[in-house]
Amino acid sequence: MKIGILSQDANLYSTRRLHEACQQRGHEAVIINALRCYMNINSVQPSIHFEGTDLIGFDAIIPRIGSDITFYGCAVLRQFEMMGVFAVNQSIAISRSRDKLRSLQLLSRQGVGMPITGFASKPDDVLDLIKMVGGAPLVIKLLEGTQGIGVVLAETQKAAESVIEAFMGLKAHIMVQEYIEEAGGADIRCFVIGDKVIASMKRQAAEGEFRSNLHRGGSASLIKITPEERKTAIAAAKAMGLSVAGVDLLRSKRGPLIMEVNSSPGLEGIEAATGKDIAGMIIEYIEKNAEKSRRNLQNQ
Ligand code: ADP
Ligand code: MG
């Protein structure tokens, strides 16, 4: 098969591994930088050009769209979809998952457990907002943040008020969330492919830190998840419409609670922690599903 990897950086671990796994399994792989693609969107023969050539003959695309280029990256992916190419994750599911507010609204509608969460932009009554989500201690998050930046633990009502007011001054959208203390600074990353959790790891925050992000000094280790955690992770990926997803959850007294669902989960940490060939499993998923999807399209 001819497989395109939509990625801005051929040197990233995940991109390299996917490229390698395609070749190991006997496929042709092309790394495509979405930002450098230009497209003809006519209805008769939609096309995509890259480095002066017409991108044709692809059987599947693996989107690895950075959060800084969601808009254009999804447009390029959508163009491939219009040309009948199988996308491992569809553009609509990726853009859905990139909007944290929309994601949590969708998850809650599906009955997936999550910490009590409030959203606000410019609340006219900060005290009422704090009361609405159950009072301090609270975790306050900037909606645009990633890798733990912009995630603050406010242990008292006063601290929560000050942080919310400071974020309001930045004209940012914020999320105010119940603090799950019993998680003990750990979260669980479940790697979902299709309708299975194929790998999972625990990330433990560094001493004195509550954020478990590896970028914030957290460390990863193997973990065995419970059937309930497995079910929750699969339900979360399904609610977002993602076939490949990194689902992050917290262990709480009332069961697994979803924090976020990532549409381009990194491979480095999870392959290192589990010793599994996850890139290979993604290619295997394509082998099983690309042809099926093409037949369905033809029969429509
Ligand atoms: P980011 O998107 O920046 O990674 P997250 O929402 O994933 O932000 O939060 C970063 C980390 O902070 C999480 O991995 C988790 O360890 C911790 N954390 C986030 N929200 C909560 C919460 N409500 N209760 C306890 N810990 C939390
Ligand atoms: Mg996170």
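UniProt positions are quoted here in the numbering of this structure, and such annotations may be inferred rather than shown by experiment. With that understood, the unreviewed UniProt entry lists D248 and E260 under "binding site". The model on display is predicted.

**The whole protein**

Begin with the full chain in a cartoon representation. The secondary structure comprises 9 helices and 16 strands. The radius of gyration is 20 Å, close to the 19 Å given by the globule rule for 300 residues, so the protein is as compact as a globular protein of that length. Aligned on the principal axes, the C-alpha atoms fill a box of roughly 60 × 40 × 35 Å.

Next, switch to a surface. About 14,800 Å² is exposed, and carbon and sulfur atoms supply 50% of that area. Colouring by burial marks 49% of the 300 residues as buried. A contact map is also informative: among contacts with a separation of 6 or more, 66% join residues 24 or more positions apart. For the charges, select the 35 positive and 33 negative ones; their mean positions are 4 Å apart.

**First stop: D248**

Select residues 244-252, which form strand 15, and locate D248 within that strand. Is D248 buried or exposed? Its relative accessible area is 2%, under the 20% limit, and D248 therefore counts as buried. Now display its surroundings, leaving out residues up to four places away in sequence. D248 touches D187, I188, R189 and R203, and also L257, I258, M259 and E260.

**Second stop: E260**

From D248, step across to E260, a residue of strand 16, which spans residues 255-262. The contact between the two annotated residues appears in the list for E260 as well: beyond four places in sequence, E260 touches K100, G246, V247 and D248. E260 is partly exposed, with a relative accessible area of 35%, whereas D248 is buried.

**Third stop: a further set of annotated residues**

The unreviewed UniProt entry also applies the term "binding site" to K141, E178, Y179, D187, R211, S212 and N213. Select these together. D187, one of them, has already been met as a contact of D248.

Zoom to Y179, in the loop that links strand 11 (174-178) to strand 12 (186-193). Which residues does Y179 touch, apart from those up to four places away in sequence? They are P137, L138, V139, L153 and F210. Y179 is partly exposed because its relative accessibility, 21%, lies between the limits of 20% and 50%.

**Last stop: S212**

Finally, centre on S212. Where is S212 found? S212 sits in the loop between strand 13 (196-204) and strand 14 (219-222). With 7% relative accessibility, S212 counts as buried. Outside the span of four places in sequence, S212 touches G185, A186, D187, R203, Q204, A205 and G218. Keep D187 and R203 highlighted in this view: both are among the contacts of S212, and both are also among those of D248.

Terms used: Residues are numbered from 1 along each chain as its sequence is written. Chains are lettered from A and ligands numbered from 1 in the order in which they are written. This is a predicted model: local features need pLDDT of at least 70, side-chain atom pairs count only at pLDDT 80 or more; totals for chains, interfaces and linings use all residues. Side-chain values use heavy atoms; hydrogens and water are left out. Helices (H or I, at least four residues) and strands (E, at least two) are DSSP runs, numbered from the N terminus. The radius of gyration is taken over C-alpha atoms; the globule rule is 2.2 Å times the number of residues to the power 0.38. Buried means under 20% relative accessible area, exposed over 50%, partly exposed in between (1.4 Å probe, protein chains only). Contact means heavy atoms within 4.5 Å. Accessible areas come from the Shrake-Rupley method with a 1.4 Å probe; for residues, only the protein chains shown count as cover. Lys and Arg count as positive and Asp and Glu as negative; His and the chain ends are not counted. The place of a charge is taken as NZ of Lys, CZ of Arg, CG of Asp or CD of Glu.
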